[in-house]
Structures are given as structure tokens and as C-alpha cells.
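Me: I've got a model here and I'd like to talk it through before I head back to the bench. Can you walk me round it?

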Amino acid sequence: MAHQGRGNSFEAIAMATILLVSLSLHLNTVRATDFIVGDANGWGFNVQSWSNGKNFKVGDNLVFNYNPQAHNVVKVDANGYRSCSAAPGSPTYTSGNDKIALSKGPNYFICTVPGHCSMGMKVQAIAS
């Protein structure tokens, strides 16, 4: 006959903790919101003010819809955003339907096709 003492209580607490952590992670995933950059117009010129007034959370997604023969999406830092230039090795997306999860703080994206960023094809989203 097995002794049902402290060991089983510890196991029950450990299992309950694992269950709560798993549930919490699941709920955070479920709560993520997809934001279509440029709304119905998609990723295009003059979208730099699109994010104004929106509340982004860590894990929310920006969805970039565009013609992949004409544009791209490149994740840059603040300097790249201001200067409309991407550092070598910057994450580059070219599918025409890119879904990118936001990280905490400012997230910056530009189109690196010559002239496009300077015509407003850039966006910043600050996630809390």
C-alpha cells in the first residue's frame, strides 16, 4: 500500500501550477488582435499615420497586404525608420500577406523599394 503523504500534495500543486501557466499562455495567445496596416487599402503610400490612436499590445499582429511584385516590408530600428534605410540583414518580408507579431516597445517597418518609404510607405507601432 502506497503512502499518500507530502509527495502527492506537492505533485498536485505542481500540476495545478503547470495548468494555470498553460491556461494563462493560451489566453494571451487568444487575445492577440490582427491589425491590417492601411485598413482596406492595405500596405501602400501615405500609411505612416495609420497607427495613430491605435492601442497595440505585445503579441498583436500587423498584417501587411500588398502586391509582392511592387513592394516589400522590412523591419527596421528608429534610425532606419527616420532615414528610410534598412541595415544589412534586416528582416525582410515579401509574401504580399505578411503577419508580424509585435514586440514590446516601438516596432518600425518600411518598404525598401526606392522612393516608397519617402512617399509615406512606413509605419510604427508601439506595443505595451
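Reply: Sure, one definition to start: buried means under 20% relative accessible area, exposed over 50%, and partly exposed in between, with a 1.4 Å probe and protein chains only. This is a predicted model, so local features need pLDDT of at least 70 and side-chain atom pairs count only at pLDDT 80 or more, while totals for chains, interfaces and linings use all residues. Residues are numbered from 1 along each chain as its sequence is written, and side-chain values use heavy atoms, with hydrogens and water left out.

Me: Is histidine 71 buried or exposed?
Reply: Histidine 71 is found in the loop between β2 (61-65) and β3 (73-76); strands here are DSSP runs of E with at least two residues, helices are runs of H or I with at least four, and both are numbered from the N terminus. Its relative accessible area is 14%. That value is under the 20% limit, so histidine 71 is buried.

Me: Which side chain makes a polar contact with the side chain of histidine 71?
Reply: A polar contact is a pair of N or O atoms within 3.5 Å; within protein, one must be able to donate a hydrogen and the other to accept it, and residues adjacent in sequence count only if both atoms are side-chain atoms. Plain contact means heavy atoms within 4.5 Å, and leaving aside neighbours within four places in sequence, histidine 71 has such contacts with residues including Trp43, Phe45, Tyr66 and Met121. The polar contact spans 3.0 Å, and the partner is histidine 116.

Me: How far apart in space are alanine 70 and histidine 116, C-alpha to C-alpha?
Reply: Alanine 70 is in the loop between β2 and β3, and with a relative accessible area of 30% it is partly exposed. Not counting residues up to four places away in sequence, alanine 70 touches Val113 and His116. Alanine 70 and histidine 116 are 46 residues apart in sequence, and their C-alpha distance is 9.8 Å.

Me: Which cysteines form a disulfide?
Reply: The structure holds one disulfide, that is, a pair of cysteine sulfur atoms within 2.5 Å. The torsion about its S-S bond is about -70°, so the disulfide is left-handed. It links distant parts of the chain, 33 residues apart: one cysteine is in the loop between α2 (78-83) and β4 (92-93), the other in the loop between β6 (105-110) and β7 (122-127). With sulfur atoms 2.1 Å apart, the pair is cysteine 84 and cysteine 117.

Me: And how far from cysteine 111 is the nearest cysteine sulfur?
Reply: Cysteine 111 is buried, with a relative accessible area of 1%. Cysteine 117 counts as buried too, at 4% relative accessibility. Cysteine 111 is in no disulfide, and the sulfur of cysteine 117 is the nearest, at 8.1 Å.

Me: Which strands stand at the edges of the three-strand sheet?
Reply: Two strands pair if DSSP finds at least two bridges between them. The open sheet has the order β1-β2-β5, with mixed pairing, and β2 and β5 pair in the antiparallel sense over five bridges. Each edge strand has a single partner, so one side of each is left without a neighbour in the sheet; the edge strands are β1 (34-36) and β5 (97-101).

Me: What share of the 128 residues in the protein chain is buried?
Reply: The chain has two helices and seven strands, running α-β-β-β-α-β-β-β-β from the N terminus on. The buried share of its residues is 33%.
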